[in-house]
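Look at the sequence and the fold together. The report below takes up confidence, strands, cysteines and charged pairs in turn.

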Amino acid sequence: MLGYDEKRNYIRMEIDCEVTYRLAGSDELYQGRCSSISGAGVSFIADRSFDTGKAMEINVVPQNTLTPSMTAFIEVIRSTQQDDGSYEIAATIKSIKGD
């Protein structure tokens, strides 16, 4: 498989782009930085921690205009505090929101 060693169903792509997110049922938007994405999950940097199982809506906005943004419904699986006090949020993509 062309040197693919990761034991995942989807290849994870490391990225660095803006992300907006909100908790399910809320209109309050927050901003963060997306750090990786795959066909099944996403991780991003946030200013706060979120409980496992928390449902959210996320909008990933790539830096180049050739790649469209993606809005998805996610479920938090892990929040890990970073050295700078921010949190890396890992989540499963439950569905992708269409236009």
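A residue counts as buried under 20% relative accessible area, as exposed over 50%, and as partly exposed in between. Lys97, with a relative accessible area of 40%, is therefore partly exposed.

**Confidence**

This is a predicted model. Its mean pLDDT is 86. Of the residues, 85% reach 70 or more. Among the elements of the protein, strand β1 (residues 13-23) has the lowest mean pLDDT, at 88. Strand β5 has the highest, at 96.

**Strand pairing**

Strand β5 spans residues 70-81 and pairs with strand β4, residues 55-61. The two run in the antiparallel sense, over six bridges. One of the bridge partnerships joins Val60 to Met70 in β5.

Strand β5 also pairs with strand β6, residues 87-96. Here nine bridges join the antiparallel strands. Gln81 has Tyr87 in β6 as its bridge partner. Five residues lie between the strands of this hairpin. In the hairpin, Gly85 takes a positive phi near 95 degrees.

**Two residues to find**

Is Ser35 buried or exposed? Ser35 sits in strand β2 (residues 30-37). Its relative accessible area is 18%, so Ser35 is buried. Leaving out residues up to four places away in sequence, Ser35 touches Met13, Glu14, Ile15, Ser43, Phe44 and Glu88.

Now turn to Gly25, in the loop between β1 and β2. Gly25 counts as exposed because its relative accessibility is 88%. Gly25 and Met56 are 31 residues apart along the chain. Their C-alpha atoms are separated by 8.6 Å.

**Cysteines**

How many disulfides does a search of the whole structure find? The count is zero. Why is Cys17 not bonded to Cys34? The sulfur of Cys17 is 4.8 Å from that of Cys34, its closest cysteine sulfur, and this is too far for a bond. A disulfide needs the two sulfur atoms within 2.5 Å. Cys17 is buried, with a relative accessible area of 4%. Cys34 is buried as well, at 1%.

**Salt bridges**

The structure holds five salt bridges. Three of them are listed here.

| Pair | Closest N to O distance |
|---|---|
| Asp16 and Arg33 | 3.0 Å |
| Arg22 and Glu57 | 3.0 Å |
| Glu57 and Lys97 | 3.7 Å |

Start with Asp16 and Arg33, which form a salt bridge. Asp16 lies in strand β1 and Arg33 in strand β2, so the pair ties together parts that are 17 residues apart in sequence. Asp16 is partly exposed, at 49% relative accessibility. Arg33 is partly exposed too, with a relative accessible area of 34%.

Next comes the salt bridge between Arg22 and Glu57. This pair links distant parts of the chain: Arg22 is in strand β1 and Glu57 in strand β4, 35 residues apart. Arg22 is partly exposed, with a relative accessible area of 22%. Glu57 counts as buried, at 16% relative accessibility.

Glu57 also meets Lys97 in a salt bridge. Glu57 lies in strand β4 and Lys97 in the segment after β6, so the pair ties together parts that are 40 residues apart in sequence. Which residues form one network through shared partners? Salt bridges join Arg22, Asp27, Glu57 and Lys97 in this way.

Definitions and conventions. Residues are numbered from 1 along each chain as its sequence is written. This is a predicted model: local features need pLDDT of at least 70, side-chain atom pairs count only at pLDDT 80 or more; totals for chains, interfaces and linings use all residues. Side-chain values use heavy atoms; hydrogens and water are left out. Two strands pair if DSSP finds at least two bridges between them. Helices (H or I, at least four residues) and strands (E, at least two) are DSSP runs, numbered from the N terminus. Buried means under 20% relative accessible area, exposed over 50%, partly exposed in between (1.4 Å probe, protein chains only). Contact means heavy atoms within 4.5 Å. pLDDT is the predictor's confidence in each residue, from 0 to 100. A salt bridge is a side-chain nitrogen of Lys or Arg within 4 Å of a carboxyl oxygen of Asp or Glu.
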